[in-house]
Amino acid sequence: MVMKGEMKMNYQFLDVSIENKIAIITLNRPPVNAVSQEMYKELKEVFTSLGKNKNEANVAILTAEGKVFCGGNDLHEFVSMTPENGVDRMREVREAFWAIYGCDIPVIAAVNGAALGTGFALAASCDLIIASENAKFALPEINVGVLGGAKFGARIVPEMVMRRMYFTGEAVSVEEISKYGAITEITAQEDLLRVSLKWAQKIASKSQNAVRMARKSLNGCEYMDLKSGYEFEQQFTCELSGYEESKEAVRAVIEKRKPVFKTI
């Protein structure tokens, strides 16, 4: 039973755990973690809930079970999709992505193996990407008669690279993707979770209020022009100055010690 304010932990296609302020959400739909409508609903529910309770997680890691991060959308659902039922299905898809992008806390994608179509968009919805040496990324929708992922792809690769991926459906190696600055770190596959946790712990150690406002600020100003975006960001600076955590952070820097946040 899930009490008010608590996050549901049991899902059919996701494994969810929270420890030391770090949530780990693992895609678990063998053999390639292809995402079905029910799985999109679960992703939406998890990431909408994350961060609502400040006693739980301050950062999340999205990863996957097995050798493939995500093979894309469940192809059987494309076979049965029509212009009529496609409208509702596509709403479920985008609302899952919006839940990750709009999550109250930062999300790190830990990409093991291929991230295809939906998998590429899932990674692109996150704040940081840690990838294993065998990771690869693709937008193969055109090969199965549909479209999608271009706008997310443009968060990771330059427009012309995204167009090459979009028109050819060909995969791009993690080495090439990393040249565009989107990959925080490439690791051996067996070290992926350990390295992802290292980055998560850096974020989890910060002021909870600052981390949450930083995410709101970054998402809000991402597509604004310089002047509008900076003014938007400054709102959060003013708001944060009213929190004790903010004062503790600056005192700690002045006194050359680690901050002690009461909420952590």
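**Entry 1: the largest pocket**

I began with the largest pocket of this predicted model, and I noted that about 650 Å³ of space lies in it. I then looked up its lining, which is made of 31 residues, and wrote down that Val93, Phe97, Glu141, Gly148 and Gly149 are the closest to the centre of the pocket. Which elements give two or more residues to this lining? I found helix 2 (75-79), helix 3 (83-101), helix 4 (118-124) and helix 5 (150-153), and I marked helix 3 in my notes, since the largest share of the lining, six residues, comes from helix 3. When I sorted the lining of the largest pocket by class, I had 20 nonpolar, seven polar and four charged residues.

**Entry 2: the cavity**

Next I turned to enclosed space, and I found that the structure holds one cavity of 30 Å³ or more. About 30 Å³ of space lies in this largest cavity, and I listed Gln37, Asn73, Glu77, Phe78, Met81, Arg89 and Met90 as the residues that line it. Helix 2 and helix 3 are the elements that give two or more residues to the lining of the largest cavity, and I remembered both helices from my list for the largest pocket. By class, I divided the residues that line the cavity into three nonpolar, two polar and two charged.

**Entry 3: the nonpolar cores**

I then looked up the largest nonpolar core, which has 55 residues, and I copied out the ones with the most contacts inside it: Ile25, Phe47, Leu50, Leu62, Val111 and Phe137. Another core lies apart from the largest one, and I noted that it has 14 residues, among them Ile22, Ile24, Ile108 and Ile130. I followed Val111 a little further and, leaving aside its neighbours within four places in sequence, I found Val111 in contact with residues including Phe69, Ala123, Ile129, Ile130, Ala131 and Phe137.

**Entry 4: Arg215**

My last search was for Arg215, which I placed in helix 9 (residues 208-221). Is Arg215 buried or exposed? I recorded Arg215 as buried, because its relative accessible area is 3%, and the cut-off for buried is under 20%. I also found that the side chain of Arg215 makes a polar contact with the side chain of Asp127, at 2.7 Å. Leaving aside neighbours within four places in sequence, I listed the residues in contact with Arg215 as Ile100, Tyr101, Gly102, Cys103, Asp104, Ile105, Pro106, Val107, Ser125 and Asp127.

Technical notes. Residues are numbered from 1 along each chain as its sequence is written. This is a predicted model: local features need pLDDT of at least 70, side-chain atom pairs count only at pLDDT 80 or more; totals for chains, interfaces and linings use all residues. Side-chain values use heavy atoms; hydrogens and water are left out. A nonpolar core is a set of buried Ala, Val, Leu, Ile, Met, Phe, Trp, Tyr and Cys residues joined through side-chain atoms within 4.5 Å. Buried means under 20% relative accessible area, exposed over 50%, partly exposed in between (1.4 Å probe, protein chains only). Contact means heavy atoms within 4.5 Å. Helices (H or I, at least four residues) and strands (E, at least two) are DSSP runs, numbered from the N terminus. A polar contact is a pair of N or O atoms within 3.5 Å; within protein, one must be able to donate a hydrogen and the other to accept it, and residues adjacent in sequence count only if both atoms are side-chain atoms. On a 1 Å grid over the protein atoms alone, a cavity is a set of points where a 1.4 Å probe fits but cannot get out, and a pocket is an open set with protein on both sides within 12 Å along at least five of seven lines; lining residues have an atom within 4 Å of a point. Grid points are joined across faces, edges and corners, and a volume is the space filled by probe spheres set on the points. Ala, Val, Leu, Ile, Met, Phe, Trp, Tyr, Cys and Pro count as nonpolar, Asp, Glu, Lys and Arg as charged, and the others, Gly among them, as polar.
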